[in-house]
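Me: Could you take a look at this model with me? I'd like to go through the core, the charges and any odd backbone spots.

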Amino acid sequence: RDGIRLYRGRADETLVPEELVTYADELRGRSIEQVWLCVPSTGLSDADVEHIGDATGDAVVVDLRPGFDRTAATLVGEERLVEGIIPFIAYQTPLHTLEGALQPDEAERAPGIAYWLPPLVPTTLASSSPSAARRAANVIRRGGMRARIVDVPEIALTRASGMALLSSVIATLEASGWRIRDCRARLDGAVREAVDVAARMQGRARAPLPLRIISTPSIASLVLAFAPKIAPLPLEDYLAYHFTKVGAQGRASLAALLAAADASGPPAPRLHALVEQLTAVPALAATHA
């Protein structure tokens, strides 16, 4: 209610909501134009999504949750749904190091949200309703960000394959104590197996070419080597904090991938081995819980 401090590089501002509601039923009978779902995939049940859709009339529902299926289309209707992929990084600041100390560059900050918009990377959106997609894209563009609209099959494949890539890389990083150098040494075919399984879940023989290239161990290792030099934030500490916070989402994604691999074949032995390694990983300090 008092607002949230936002940090982008050296600039900061306070975002104050015009109104705060805590139950979807508070929106019934009101003129709601758009609803944006910006929580982990494990943050809302199907019943929750259906309830939100029912309480908001014919509002456009923009679903930015990662996942492998299009359940929201059944729950709120194809004509209302816009699916999207988040292209930026945001985290609660001041951030702690892996050892538990405050990041020196952030120690003087008031609590808030820091974010980074990678240059030239748009928010990708898709809908079976072109007007719904345009309405969502217009909101993003008015905020000063880039947006592009693609067709529904493309975003479904990209979102599923991207989620598989991210989940498997993060699992490898977690098994490596959140150290990028150790993660690079540990990378094997598990990431490629995950991406291939996700493509099969979408009825495709292969994932999009860029994701197939990045999921190759040597290329993934090279990307990880350069990532800390490009990102203007303490990357290891951010990854540990954020992906511990949404750990349930990552594990649910891995479980879905393994179930699909076991059901449809071919098997994914390296992905199985990676998931087993996570059971031996010690919990992070309370500052990352």
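**Walking through the model**

Reply: This is a predicted model. A place to begin is D69, which lies in the loop between β4 (60-63) and α2 (71-76).

Me: Is D69 buried or exposed?

Reply: D69 counts as exposed because its relative accessibility is 52%, and the cut-off for that class is over 50%.

Me: Which residues form the negative surface patch with D69?

Reply: The patch is made up of D46, D48 and E50 together with D69.

Me: OK, now the inside. Which residues touch the most other members of the largest nonpolar core?

Reply: That core has 32 residues, and the ones touching the most other members are Y91, L173, W178, L235, Y238 and L239. At least two core residues come from each of β6 (89-93), α4 (152-175), α5 (180-186), α6 (190-201), α8 (217-230) and α9 (235-245).

Me: And which helix gives the largest share of this core?

Reply: That is α9, from which 6 residues of the core come. As a general background, nonpolar side chains in soluble globular proteins tend to be buried together.

Me: Where does W178 sit, then?

Reply: W178 is placed in the loop between α4 and α5, and it counts as buried because its relative accessibility is 3%. Its backbone also deserves a look, since W178 is not a glycine and yet has a positive phi of about 65°.

Me: What about G177, which loop is that in?

Reply: G177 is also found in the loop between α4 and α5, but with a relative accessibility of 42% it counts as partly exposed. If you want a long-range reference, G177 and R30 are 48 Å apart in space, C-alpha to C-alpha, with their positions 147 residues apart in sequence.

Me: Back to phi for a second. Where is L120, and what is its phi?

Reply: L120 lies in the loop between β7 (112-116) and β8 (123-126), and its phi is positive, about 70°, although L120 is not a glycine. Unlike the buried W178, L120 counts as exposed, because its relative accessibility is 69%.

Me: Which peptide bond is cis?

Reply: A cis peptide bond joins T93 and P94, with omega about 5°. P94 is placed in the loop between β6 and β7 (112-116). For context, most residues other than glycine have a negative phi, and most peptide bonds are trans.

Me: Switching to charges. How many salt bridges does a search of the whole structure find?

Reply: The search finds 14 salt bridges. One of them pairs D54 with R28, whose closest N and O atoms are 2.9 Å apart. D54 lies in helix α1 (residues 46-55) and R28 in the loop between β2 (11-15) and β3 (34-37), so this pair ties together parts that are 26 residues apart in sequence.

Me: Is R28 buried or partly exposed?

Reply: R28 is partly exposed, with a relative accessible area of 39%.

Me: And D63 with R65, are those two buried or exposed?

Reply: Both D63 and R65 are buried, and their side chains meet in a salt bridge at 2.8 Å, N to O.

Me: What is the N to O distance for R109 and E106?

Reply: The salt bridge between the side chains of R109 and E106 is 3.7 Å, N to O. The two partners fall into separate classes of accessibility: E106 is buried, with a relative accessible area of 5%, whereas R109 counts as partly exposed at 22%.

Me: Which residues are linked in a network of salt bridges?

Reply: The network links R70, E78, E83 and R159.

Me: Last topic, the helices. Where is I155, and how far is it from L125?

Reply: I155 is placed in helix α4 and counts as buried, because its relative accessibility is 1%. I155 and L125 are 30 residues apart in sequence and 7.3 Å apart in space, C-alpha to C-alpha.

Me: And S253, which helix is that in?

Reply: S253 is in helix α10 (residues 247-264), and at 5% relative accessibility S253 counts as buried. From S253 to L117 the C-alpha to C-alpha distance is 25 Å, and the two are 136 residues apart in sequence.

Note on methods
Residues are numbered from 1 along each chain as its sequence is written. This is a predicted model: local features need pLDDT of at least 70, side-chain atom pairs count only at pLDDT 80 or more; totals for chains, interfaces and linings use all residues. Side-chain values use heavy atoms; hydrogens and water are left out. Patches are made of residues with over 30% relative accessible area and no salt bridge: like charges are joined within 9 Å, nonpolar side chains (Val, Leu, Ile, Met, Phe, Trp, Tyr) within 5 Å. Accessible areas come from the Shrake-Rupley method with a 1.4 Å probe; for residues, only the protein chains shown count as cover. A salt bridge is a side-chain nitrogen of Lys or Arg within 4 Å of a carboxyl oxygen of Asp or Glu. Lys and Arg count as positive and Asp and Glu as negative; His and the chain ends are not counted. The place of a charge is taken as NZ of Lys, CZ of Arg, CG of Asp or CD of Glu. Helices (H or I, at least four residues) and strands (E, at least two) are DSSP runs, numbered from the N terminus. Buried means under 20% relative accessible area, exposed over 50%, partly exposed in between (1.4 Å probe, protein chains only). A nonpolar core is a set of buried Ala, Val, Leu, Ile, Met, Phe, Trp, Tyr and Cys residues joined through side-chain atoms within 4.5 Å.
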